[in-house]
Amino acid sequence: MPRLKPIDPIHATGHARDLLNAVHEKLGMTPNLVRTLANSPAALGSYLAFGAALEETSLSPQLREQIALTVSEANGCEYCVAAHSAIGKTVGLSDGQLNDARTSSSPETRTETILQFARQLVEDRGSVNDDDVQRV
């Protein structure tokens, strides 16, 4: 049972309401994680700012979701796997690409190398050597 009750966007007020409305406009729905984070508008704002910052990287939306799926699978988070699978479809990933990302694989060598590095970061808790970094 969750300790924090997700905020119903209809009943949200102030900054939390603004943030929830922005998420709904962007996604067409409001995920439970976002609704729960709305208990602290500062936490939700930080979460959304982090996501926006990732959108400014040189990584494509497809590759970002493939990485998110690899990490979600490595962490054993079924919620995150489901969420990033849905988002992955919206950015154009096929079912095969979604499944491959969950196993850190891809027919594209560059993508597979990145996904394997992401999995290694999770499994080895950030401990990588110079050869690992050079490879990616």
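# Cysteines, a buried loop leucine and the packing of α4

C80 is partly exposed, because its relative accessible area is 26% and the partly exposed class runs between 20% and 50%. C77 falls into that class too, since its relative accessibility is 25%. The model is predicted. How many disulfides does the count give? The count comes to 0 disulfides. A disulfide is a covalent bond between the sulfur atoms of two cysteines. The rule applied here asks for a pair of cysteine sulfur atoms within 2.5 Å.

**Overall build**

The protein has 8 helices and 0 strands. Read from the N terminus, the order of elements is α-α-α-α-α-α-α-α. Along the principal axes, the C-alpha atoms fill a box of roughly 50 × 30 × 30 Å. The chain counts 136 residues, and 25% of them are buried. Take the contacts with a separation of 6 or more: residues 24 or more positions apart account for 45% of them.

**Four residues by accessibility**

| Residue | Relative accessibility | Class |
|---|---|---|
| C77 | 25% | partly exposed |
| C80 | 26% | partly exposed |
| L93 | 6% | buried |
| Q66 | 8% | buried |

**L93, in a loop**

L93 lies in the loop that joins α5 (78-90) to α6 (95-102). Is L93 buried or exposed? L93 is buried, because its relative accessibility is 6% and the buried class takes values under 20%. Setting aside neighbours within four places in sequence, L93 is in contact with Q62, E65, Q66, G88 and L98. Q134 is another matter. L93 and Q134 are 41 residues apart along the chain, and their C-alpha atoms are separated by 27 Å.

**Q66, in α4**

One of the partners of L93 is Q66. Q66 sits in helix α4, which covers residues 61-75. Q66 counts as buried because its relative accessible area is 8%, and the buried class needs a value under 20%. What does Q66 touch, beyond residues up to four places away in sequence? Its contacts are L93, Q97, A101, T111 and L115.

**α4 against α6**

α4 packs on α6 at an angle of about 45°, and the two axes lie 7 Å apart. That angle makes α4 oblique to α6. The crossing of this pair is right-handed. From α4, the residues Q66, L69, T70 and E73 take part. On the α6 side they meet Q97, L98, A101 and R102. By class, this contact has 3 nonpolar, 3 polar and 2 charged residues. Q97 and A101 also appear among the contacts of Q66.

**α4 against α7**

α7 covers residues 109-123. α4 packs on α7 at an angle of about 35°, with the axes 9 Å apart. Is the crossing of α4 with α7 left-handed or right-handed? α4 passes α7 in a right-handed crossing. The α4 side supplies L63, Q66, I67, T70, V71, E73, A74 and N75. The α7 side supplies R110, T111, I114, L115, A118, R119 and V122. The contact divides into 8 nonpolar, 4 polar and 3 charged residues.

**Residues with two partners**

Some α4 residues turn up in both helix contacts. Q66, T70 and E73 meet residues of α6, and Q66, T70 and E73 are also listed in the contact with α7. Q66 adds the loop residue L93 to its partners.

Conventions: Residues are numbered from 1 along each chain as its sequence is written. This is a predicted model: local features need pLDDT of at least 70, side-chain atom pairs count only at pLDDT 80 or more; totals for chains, interfaces and linings use all residues. Side-chain values use heavy atoms; hydrogens and water are left out. Buried means under 20% relative accessible area, exposed over 50%, partly exposed in between (1.4 Å probe, protein chains only). Helices (H or I, at least four residues) and strands (E, at least two) are DSSP runs, numbered from the N terminus. Contact means heavy atoms within 4.5 Å. Axes are lines fitted to C-alpha atoms, for helices over the stretch in contact, and angles run from 0 to 180 degrees between N-to-C directions. Angles under 35 degrees count as roughly parallel, over 145 as roughly antiparallel, 65 to 115 as roughly perpendicular and the rest as oblique. A crossing is left-handed if the near helix is turned anticlockwise from the far one by less than a right angle, and right-handed if clockwise. Ala, Val, Leu, Ile, Met, Phe, Trp, Tyr, Cys and Pro count as nonpolar, Asp, Glu, Lys and Arg as charged, and the others, Gly among them, as polar.
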